[in-house]
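These are my notebook entries on one structure. I set down what I looked up, entry by entry.

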Amino acid sequence: MRDELKDEVLQLSLKDKESLYVELGKVIREEKIHGVRQYESMCQRVIDVVLQVMGLPAYNASSHVRKHVISRVIIANAIMQNGATESKVGRTIGKDHSTINHYKVMLEEWLTFPKYYPEEVAIWEQVNNLI
């Protein structure tokens with residue numbers, strides 16, 4: 001199909017190729033904008049669900065209070081579960097990609113040893129059921 005499309009485009013006049021280029025640019029921009037909006041919407045939903053489940057009033061990227069740390073670990077992993085990279089999640093929640101990797105390791109530990117992390121595992125499962 002690509003070769004057929006390429007052959008058809010090559011047969012167009014220069015003016016038609018330029019018009020096609022402009023129209024394709026518009027389509028690509030719209031698709032990118034749509035993708036960004038979908039990502040932002042998904043992230044906001046994850047954050048809202050985690051805050052609701054944990055009874056937190058707002059997201060806090062810098063607090064060392066245990067509840068806030070747990071919320072960040074769960075938010076980061078839930079967003080990654082939806083296909084985002086560590087770097088993208090880090091930019092989204094105000095953390096470095098290496099911190100996001102650490103959050104991933106923390107969740108793995110919680111799930112590997114649920115006896116030692118019952119609260120964290122329960123919150124994770126509840127959030128996963130809601131998103």
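**Entry 1: terms and basis.** I first fixed the terms for accessibility: buried means under 20% relative accessible area, exposed means over 50%, and partly exposed lies in between (1.4 Å probe, protein chains only). I note that this is a predicted model, in which local features need pLDDT of at least 70 and side-chain atom pairs count only at pLDDT 80 or more, while totals for chains, interfaces and linings use all residues. Residues are numbered from 1 along each chain as its sequence is written, and side-chain values use heavy atoms, with hydrogens and water left out.

**Entry 2: the core.** I looked up the largest nonpolar core, that is, a set of buried Ala, Val, Leu, Ile, Met, Phe, Trp, Tyr and Cys residues joined through side-chain atoms within 4.5 Å. The largest such core has 29 residues, and Ile74, Ile79, Val89 and Ile93 have the most contacts inside it. Five helices each supply at least two of its residues: α2 (14-54), α3 (66-81), α4 (86-93), α5 (97-112) and α6 (118-130). The most comes from α2, which gives 9 residues. I recorded that helices are DSSP runs (H or I, at least four residues), numbered from the N terminus.

I then listed the neighbours of Ile93, taking contact as heavy atoms within 4.5 Å. Leaving aside residues up to four places away in sequence, Ile93 touches Tyr59, Ala61, Arg72, Ile75, Ala76, Ile79, Ile100 and Tyr103.

**Entry 3: helix α3.** How many residues of α3 are buried? I found 12 of the 16, so this helix is largely enclosed by the rest of the structure. Among the buried residues are His68, Arg72, Ile74, Asn77 and Met80. The cover over the buried residues of α3 includes α2, α4, α5 and α6.

I also checked the span of α3 against the expected value, which is 1.5 Å times one less than the number of residues. From first C-alpha to last, α3 reaches 22 Å, close to the 22 Å expected. Just after α3, Gly83 takes a positive phi of about 105 degrees.

**Entry 4: Asn77.** I looked at Asn77 separately; its place is in helix α3. Asn77 has a relative accessible area of 7% and is therefore buried. Its side chain reaches the backbone oxygen of Val73 at 2.8 Å, a polar contact (a pair of N or O atoms within 3.5 Å; within protein, one must be able to donate a hydrogen and the other to accept it, and residues adjacent in sequence count only if both atoms are side-chain atoms). Not counting residues up to four places away in sequence, Asn77 touches Tyr103, Lys104, Leu107 and Trp124.

**Entry 5: salt bridges.** Side chains of opposite charge can pair when their charged atoms come close. I counted a salt bridge where a side-chain nitrogen of Lys or Arg lies within 4 Å of a carboxyl oxygen of Asp or Glu. By this rule the count comes to 4.

Glu23 and Lys26 form one of them (3.4 Å, N to O). These two residues are 3 residues apart in helix α2, so about one helical turn separates them. Glu23 is partly exposed at 42%, and Lys26 is partly exposed at 42%.

Arg66 and Glu120 form another (2.5 Å, N to O). This pair links distant parts of the chain, with Arg66 in helix α3 and Glu120 in helix α6, 54 residues apart. Which partner is buried and which is partly exposed? Arg66, at 47% relative accessibility, counts as partly exposed, whereas Glu120, at 5%, counts as buried.

I also found Glu86 and Lys104 in a salt bridge (3.1 Å, N to O). Glu86 lies in helix α4 and Lys104 in helix α5, so the pair ties together parts that are 18 residues apart in sequence. Glu86 counts as buried at 18%, and Lys104 as partly exposed at 30%. Salt bridges that share partners join Arg66, Glu119 and Glu120 into one network.

**Entry 6: aromatic pairs.** Rings of Phe, Tyr and Trp (its six-membered ring) pair if their centres lie within 6.5 Å; planes under 30 degrees apart count as stacked, over 60 as edge-to-face and the rest as tilted. I found 2 aromatic pairs. Trp110 and Tyr117 form a tilted pair, 6.5 Å centre to centre with 40 degrees between the planes. Trp110 is buried at 4% relative accessibility, while Tyr117 is partly exposed at 21%. Phe113 and Tyr116 form a tilted pair as well, at 6.4 Å and 55 degrees. Phe113 is partly exposed at 42%, and Tyr116, at 59%, is exposed.
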